[in-house]
Every structure is written in C-alpha cells, then in structure tokens.
Amino acid sequence: MANKDTTDPVRMEKIVSLCKRRGFIFQSAELYGGLNGCWDYGPLGAELKRNLKDYWWRKTVQERDDVLGMDGSILTHQDVLKASGHVGGFSDPMVDCKTCKGRFRADNLENLECGQKPSCKPGDHKNCELTEPRAFDLMLSTKLGALASDNDPKAVAYLRPETAQSIFVQYKNVLDSNRIKLPFGIAQIGKSFRNEINPRNYTFRSREFEQMEIEFFCRPEDGMRLTEEWLQTRLDFYGEIGVPREKLHILDVPDGERAHYSKKTYDIEYEFPFGIQELEGVAYRTDYDIGKHQGASGKNLEYFDEETKERFIPHVVEPSAGCDRTVLAVICEAFDEEEITNEKGKSETRTVMRFVPRMAPIKVGIFPLLKKNEEQVRICKEIQKSLQPWMTVFYDDGGAVGRRYRRQDEVGTPFCVTVDFDTLGENGDDTKGTVTIRHRDSMEQERLPVEALLPWLLERIR
C-alpha cells in the first residue's frame with residue numbers, strides 16, 4: 001500500500017507549468033490577480049475535458065439500457081436543499097488566526113501553511129493564536145427576481161452544492177415519462193459550487209467544479225450487490241481513460257466516518273503528486289433522499305411494481321466522480337520526461353504527455369515535409385479537411401519536422417502524419433499516395449495509403 005503522505009512537488013510544478021504554457025489550464029481572472037478556487041480551461045484543456053465527459057456519457061448512458069440522462073438547473077430552490085439537509089447543515093469547521101488574519105479549515109490544519117511562517121502549520125508559530133472552530137456555510141446563495149427584497153427569505157436560491165439533488169427531485173418525472181423499470185439510473189454531468197475555506201492542490205479542490213454523477217435506483221434487497229458492481233464498473237472506466245489500476249486505491253469507509261445516510265461507501269483514490277486523494281465515491285444511500293423529499297414535499301414518490309403490486313421508496317446507489325479531479329489525474333498520469341538521442345546524435349529530454357488516444361486533445365498532427373512544396377501542402381490540407389469531421393487535428397508547417405514532433409509530444413498527440421516526396425511518387429510508384437505515420441510513444445514510423453487513414457485512425461481513437 002502506497003503512503004498517503006508521499007508527495008512529489010517538483011513533478012507537480014512541472015505539470016502546472018506545462019498546463020499553462022501549452023494552454024490546458026489557466027488561473028481564472030489571472031489578469032486581475034486571479035479568482036481563488038476557480039480555473040479556466042484553455043483550448044487543449046477544453047478538448048481534454050470534453051473527451052472525458054463524452055466518453056463517460058457514452059459508457060454510462062449511451063451503451064447501457066438501464067441509465068437515462070438529464071441536465072438539471074444550477075440555481076436550486078431553497079426547499080430542495082432544506083429537505084436534503086444542506087441548508088443549515090452543510091458546513092466545515094473554520095478557525096481564524098488572530099495574528100495573520102488567515103482563515104483555515106480546522107480539520108485540515110496539518111496540510112496548510114501558517115501565514116507567519118509557511119514551514120509551520122497554522123497555530124504552530126509562537127506568535128499565532130487560533131480562534132475556536134465555528135461552522136462555515138459552504139453554500140453560495142443569490143436573490144431571484146428583479147423586485148426581490150434583500151430581507152425576503154422566499155427570494156433566496158442557491159447555486160447547487162451537488163448535482164444529486166436535482167436528480168432526486170426529478171426522479172418521479174423521469175420514471176413517469178419513460179418506459180423504464182427498476183433497477184434504473186439517472187446520469188448527469190454538471191457544475192456545482194462550494195465556498196471552500198481553503199481551495200488547494202491546483203484544480204483538485206475548487207469553489208466551482210464539475211461532477212459526473214449517477215443515481216441508480218433499485219429495490220432495497222439489491223442495494224449492497226449493486227454497490228459492489230458499480231465499484232468494479234467504475235474501476236474499469238479509469239483503466240480505459242489511462243489511469244492504471246495499480247495507481248488506484250479503494251477505501252472502504254468505516255462505520256462512523258461515512259455520511260449519515262450511507263450504508264456503504266467506497267472511495268476510489270488516486271496517487272496524485274500531492275498525495276493519495278479521492279477521485280470518486282460509490283455510496284449506497286438507501287432510501288434516505290427520496291424519503292426526505294417525499295416527506296418535505298408531501299408528494300407521493302413511491303415506486304409501484306406492476307408485477308408484484310408492491311409500493312415502496314426505491315433505494316439508491318450513487319457513483320459520483322469529480323470531472324475536474326479526473327482530468328487532473330489523467331494529466332498527472334500522462335506527464336512523462338525521458339532522455340533520448342536526437343537526429344544530430346545529441347542527448348535531450350523529451351517531454352511527452354502519454355494520453356490514451358481517446359482522451360488526447362489533438363488526435364493527429366498533419367505536416368508537409370516542406371512548407372514551400374505546394375503539392376505537399378495541398379495534400380495535407382485535403383487530409384486535414386477529410387479528418388476534421390471525425391476528430392480534432394492540427395496542421396503545422398513551422399520549423400523542422402523533428403521540432404514539430406516535439407511540440408505534438410508535449411501536448412499528447414498520439415499520431416503525426418507527414419506528407420513527403422514519397423507521397424508524390426518522386427521515389428517510385430511503390431510509395432506514391434502513401435504518408436508516414438509517426439507514433440508518439442515509441443517514435444516509430446510506418447507508411448499507410450492516404451485513403452486508409454480515416455478507418456485506421458478511428459479504430460485507434462475510439
């Protein structure tokens with residue numbers, strides 16, 4: 001078992017630097033000093049995140065007969081969150097330092113830095129004095145309506161702290177409007193908001209984040225079995241996006257540490273450079289949520305089994321993954337540096353992002369060997385146009401081909417296609433109409449007819 005406290009800050013600094021330099025992730029509002037706990041995804045980060053969400057949706061909804069999708073609103077009725085227990089009960093313990101005026105999460109002081117002396121944790125410096133812990137509300141609220149009074153409690157709405165509650169309150173509508181029976185799930189990808197006391201570890205803990213969540217409704221007697229099945233399903237998924245099983249750890253959350261509504265919870269954790277941290281939770285929430293909303297709303301949310309004529313409140317198994325955390329795990333796992341010998345015989349360090357092809361932001365780089373050769377450029381543009389409806393490609397004719405390869409290695413492009421003189425038939429008819437395909441990881445090359453490119457690539461990037 002890996003040590004949870006083992007960290008590699010140097011590696012993490014390199015990853016953060018690459019993410020900014022190559023347009024994966026930027027600090028939100030950096031121009032004005034930055035908005036703490038918020039991040040913007042640049043062109044490559046947006047593609048990577050979209051690839052992750054698309055693949056999650058495909059595996060979770062599209063390829064399953066028992067899961068439907070929805071997209072709930074971010075603004076949430078306060079009564080929804082009162083029933084769920086969030087209003088008045090969703091908080092973290094906070095302390096203030098009377099010396100440096102810093103605010104810290106009281107249950108995580110060992111991982112934070114003192115404002116007086118960063119090598120100390122808050123409260124350890126001789127000049128520091130911490131207040132007693134007090135509850136800090138994690139939810140962000142707003143007022144709805146142009147005429148809403150500041151003192152009108154009915155005008156208050158919240159930015160949702162999780163996507164789950166919108167699924168629970170729409171469960172009956174989904175059930176009644178679709179021909180589906182238990183067990184079935186409702187899946188959602190969407191933004192959530194928590195006013196974290198100490199956002200930290202890059203994009204891992206943020207105030208605005210995205211979740212990929214399933215609420216799987218079932219009969220009470222099937223809850224524990226389905227929890228185990230979903231755990232394995234989710235572990236398989238991480239392997240398919242490039243996070244190997246040996247880097248994942250399963251925490252069976254013990255009694256007394258689980259959420260009060262949970263009968264069983266597994267945390268799927270990953271070995272980040274800043275320590276082993278949670279990627280996803282798989283929780284058996286029993287009938288807690290539907291029961292709470294039925295009681296608070298006064299509406300009947302029971303499931304009616306037409307075969308057995310039973311009426312009961314369904315139980316729920318919830319696989320809930322952090323989208324931004326998963327993107328960060330994929331980036332951390334892909335980052336690599338290796339010593340190679342270049343075409344001049346000199347040793348150099350190659351930085352390469354080893355994304356699995358289905359996750360790579362750019363699937364193919366397309367190069368003419370010589371940008372001044374009009375025929376090579378024409379063929380490259382034709383290849384680019386033929387591939388663009390199917391995948392993200394990048395045309396590059398700047399500098400030596402070796403440098404172009406290095407640029408694509410650094411952003412994780414798995415394949416590069418080069419149009420050269422062999423393509424034009426200048427070195428014989430045997431290679432006319434073929435192109436060179438260079439593999440990112442092995443740096444090996446092979447030739448392929450232009451007309452075979454699309455099916456060859458589609459087979460490898462799905």
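These are my notebook entries on the sheets, helices and cysteines of this structure. I am working from a predicted model.

**Entry 1: the seven-stranded sheet**

I began with the open sheet of seven strands, and I read its order as 3-10-11-17-14-13-12, with mixed pairing. I then asked which strands stand at the edges. They are strand 3 (67-69) and strand 12 (248-252); each has a single partner strand, so one side of each is left without a neighbour in the sheet. From one strand to the next, the twist averages 25 degrees.

Next I went through some of the pairings. Strand 10 and strand 11 are antiparallel and share 10 bridges; here I found Ile-186 opposite Glu-215 of strand 11. Strand 11 also pairs with strand 17, again in the antiparallel sense, over six bridges. In that pairing, Met-212 stands opposite Ala-321 of strand 17. At the strand 12 end I looked at strand 13 (residues 264-272), which pairs with strand 12 in the antiparallel sense over five bridges. His-249 has Glu-269 of strand 13 as its bridge partner.

How much of strand 11 is buried? I found 10 of its 11 residues buried, so I noted the strand as mostly covered.

**Entry 2: helices on that sheet**

I checked what lies across these strands. Helix 2 (residues 43-62) lies across strand 3, strand 10 (184-193) and strand 11 (208-218), and runs at about 160 degrees to strand 10. Helix 4 (residues 164-177) lies across strands that include strand 14 (275-286) and strand 17 (315-322), at about 40 degrees to strand 11.

**Entry 3: helix 1**

I wanted to compare the length of helix 1 (residues 9-21) with expectation. At 1.5 Å a residue, its 13 residues should span 18 Å, and the end C-alpha atoms are 18 Å apart, which agrees.

Which residues of helix 1 are buried? I listed Met-12, Ile-15, Leu-18 and Cys-19. They cover an arc of only 125 degrees around the axis, which puts them on the same side of helix 1. These buried residues pack against several elements, among them strand 1 (25-27), helix 7 (323-334) and helix 9 (401-411). Just after helix 1, I noted that Gly-23 has a positive phi of about 85 degrees.

**Entry 4: the five-stranded sheet**

I turned to the other open sheet, where five strands run in the order 21-20-22-23-24 and the pairing is mixed. Strand 21 (393-395) and strand 24 (445-449) are the edge strands, each pairing on one side only. Ignoring direction, neighbouring strands of this sheet are turned by 25 degrees against each other on average. Strand 20 (residues 364-368) pairs with strand 21 in the parallel sense over three bridges, and Gly-365 has Phe-394 of strand 21 as its bridge partner.

Two helices caught my eye here. Helix 8 (residues 374-387) lies across strands 20, 21, 22 (415-419) and 23 (434-439), at about 160 degrees to strand 20. Helix 10 (residues 453-461) lies across strands 20, 22, 23 and 24, at about 170 degrees to strand 22.

**Entry 5: cysteines**

How many disulfides does the structure hold? I found zero. Why not at Cys-323? The closest cysteine sulfur, in Cys-19, is 14 Å from its own, too far for a bond. For Cys-380 the closest cysteine sulfur is in Cys-416, at 11 Å, also too far for a bond. I checked exposure as well: Cys-323 counts as buried at 0% relative accessibility, and Cys-380 is buried with a relative accessible area of 0%.

Technical notes. Residues are numbered from 1 along each chain as its sequence is written. This is a predicted model: local features need pLDDT of at least 70, side-chain atom pairs count only at pLDDT 80 or more; totals for chains, interfaces and linings use all residues. Side-chain values use heavy atoms; hydrogens and water are left out. Two strands pair if DSSP finds at least two bridges between them. Helices (H or I, at least four residues) and strands (E, at least two) are DSSP runs, numbered from the N terminus. Axes are lines fitted to C-alpha atoms, for helices over the stretch in contact, and angles run from 0 to 180 degrees between N-to-C directions. Contact means heavy atoms within 4.5 Å. The expected span of a helix is 1.5 Å times one less than its number of residues. Buried means under 20% relative accessible area, exposed over 50%, partly exposed in between (1.4 Å probe, protein chains only). The arc is that of the directions from the helix axis to the C-beta atoms. A disulfide is a pair of cysteine sulfur atoms within 2.5 Å.
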